[in-house]
Amino acid sequence: MELVSILNLSYLVASILFIVGIKQLAHPKTASRGNLLGALGMFIAVVATLFDQAILTYDWIIVGVLIGSAIGIILAIKIQMTAMPQLVAILNGFGGIASVFVAGAALQLSIPKYAFAVNYQEIVSIVFSAIVGGITFSGSFIAFGKLQGFITEKAVRYPGDQLVKILVGLTAVGLGVYGCLEPTDESIYWILSGVSLLLGIFLVIPIGGADMPVVISLLNSYSGIAASATGFVLNNNVLIIAGSLVGASGIILTQIMCKAMNRSLTNVLFGGFGAVATEMKDDGDFYSGKIKSTSADEVAMLLDVARTVVIVPGYGMAVAQAQHAVRDLYQLLTARGIDVTFAIHPVAGRMPGHMNVLLAEADIPYDRLKEMDEINSTFENVDVVIVNGANDVTNPLAKTDPKSPIAGMPILDVGNAKTVVVIKRSLSPGFAGVPNPLFIADNCLMLFGDGKKATQEMIAALKES
């Protein structure tokens, strides 16, 4: 069998593994197997590519594989689950910049041929890789900075910011067109890449932290689209297929996230969610004299007589790394015959599925996790709801204030329960920067403190009761 046939067969097997792996990622019971199948598919694709006749020497390739593998192993072992969104953002960025460099190298090799005949499919793909890859790289690192706290989580707006984005975008398009018409001018490609990097910064910096789950999902899609375009540059089928899978799944997930927030993608990208935070009055005036504080002992007494309990995890729980303490509380309550479920909002946390992953890590049964649409109608029959570090996803202003930045966003209707206990460090607002009327509701008690410590104190109090 010829080498080309073996390569194509290997790419076909790898592509099938990618598709099956994504399918198995749809359920927690098969997700680990799906990850392994995807990794195996990528291994086969890489090994097959290394046997390509176009490779002249393996020295630098081996060095790159060793360095990349070492970095990957260290990150996999050391990274905390709470920092997984940041890691995803970085990986998206690396995928984007890889597309820029690969397409740039392909252009260098093709310039001598372009002096005689231009392959417009190739040059258009090269230009497209530069634009999308550059936006993905810089945009992903801005998202990383916002998530990590290096850059303010607030939406950074300034007079004429939309006009600046339009002008930079048009400049990128103009350079791209010129690059296609004059493909032998290599400098245009790198100027275009630089403008695209700048465009990525301008696109993401005005987006607030509340929208980071959507942004990460969209940038993930961008990295796939850039990889697919690079596949057309290299005439590599497996890269085209893998990139298309990532691009399509990212777009679908982005649409799901936007629907969960009742907002359009255009509004996410250009609305500056969170920019109004600086215009809000001091929350202290809103809450003054209306808050009912409680203690772990009082909450334990409520739980001791409860028959149904719902736990709402939020990013505050993730920051406190309280998932294992929450699991211990779940097991203790379940052992006492109390029906305990978890209410999961689609945009809780900083990455799609963030809460699901954290709770799965703590070995909480997946059938105990209920999506918002499924559980909302049952809250009125719940004795106690424990909100651990969540804010905007439980804020009634989404339904009552049409001028609120979260107006129209579907929320968890925890206020319908008999008693709501909110575990929170302080009365500081969520990502949207607005106060939460739930905290002053008649049936709401505030348990101030770290999510992990407060949960552990509840467990200790329950054991003594």
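Is Arg 425 buried or exposed? With a relative accessible area of 60%, Arg 425 is exposed. Keep in mind as you look around that this is a predicted model.

## Salt bridges

Side chains of opposite charge can pair when their charged atoms come close. Here the count comes to seven salt bridges, and a few are worth a look.

Start with Arg 425, whose side chain meets that of Asp 450 in a salt bridge, 2.8 Å from N to O. The two sit in distant parts of the chain, 25 residues apart: Arg 425 is in the loop between β5 and β6 (444-448), and Asp 450 is in the loop between β6 and α18 (451-464). While Arg 425 is exposed, Asp 450 is partly exposed, at 21% relative accessible area.

Next up is the pair of Asp 413 and Lys 399, with an N to O distance of 2.7 Å. Asp 413 lies in the loop between α17 (397-400) and β5 (419-424), while Lys 399 belongs to helix α17, so this salt bridge ties together parts that are 14 residues apart in sequence. The two partners also differ in cover: Asp 413 counts as buried because its relative accessible area is 16%, under the 20% cut-off, whereas Lys 399 is exposed at 55%. One more salt bridge joins the side chains of Arg 327 and Asp 328, at 3.2 Å from N to O. Asp 328 is partly exposed, with 33% relative accessibility.

## Strand β1 and its partners

Now for strand β1, residues 308-313. Five of its six residues are buried, so the strand is largely enclosed by the rest of the structure.

β1 pairs with strand β2 (residues 339-344): the two run parallel and are joined by four bridges. If you want a spot to zoom in on, Val 310 stands opposite Thr 341 of β2. β1 also pairs with strand β4 (residues 384-388), again in the parallel sense, over five bridges. There, Pro 313 has Asn 388 of β4 as its bridge partner.

## Annotated transmembrane regions

The unreviewed UniProt entry carries the annotation "transmembrane region" for several stretches, including residues 6-22, 34-51, 57-77 and 89-111. Two of these can be set beside the model. Residues 34-51 come out as 94% helix and 0% strand, with 26 Å between the end C-alpha atoms. For residues 89-111, the span is 100% helix and 0% strand, and its end C-alpha atoms lie 33 Å apart.

## A nonpolar surface patch

Over at the start of the chain, Leu 9, Leu 12, Val 13, Ile 16 and Val 20 make up a nonpolar patch on the surface, and together they have about 400 Å² of accessible area. One of them, Ile 16, is found in helix α1 (residues 3-24). Ile 16 is partly exposed, with a relative accessible area of 45%.

## Around His 354

Which helix holds His 354? His 354 lies in helix α15, which covers residues 354-361. The residue is buried, at just 1% relative accessible area.

Leaving out residues up to four places away in sequence, His 354 touches Met 81, Thr 82, Pro 85, Tyr 315, Ala 318, Ala 348 and Gly 349. For another landmark, try Gly 430: its C-alpha atom is separated from that of His 354 by 17 Å, and the two residues are 76 apart along the chain.

Terms used:
Residues numbered from 1 in each chain as written. Predicted model: local features only at pLDDT ≥ 70, side-chain atom pairs only at ≥ 80, totals over all residues. Heavy atoms only, no water. Salt bridge = Lys/Arg side-chain N within 4 Å of Asp/Glu carboxyl O. Buried < 20%, exposed > 50% of the residue type's maximum accessible area, 1.4 Å probe, protein only. Pairing = 2+ DSSP bridges. UniProt positions renumbered as here; feature names shortened; annotations may be inferred. Patch = residues over 30% accessible without salt bridge, like charges linked within 9 Å, V, L, I, M, F, W, Y side chains within 5 Å. Areas by Shrake-Rupley, 256 points an atom, 1.4 Å probe, with all protein chains shown as cover. Contact = heavy atoms within 4.5 Å.
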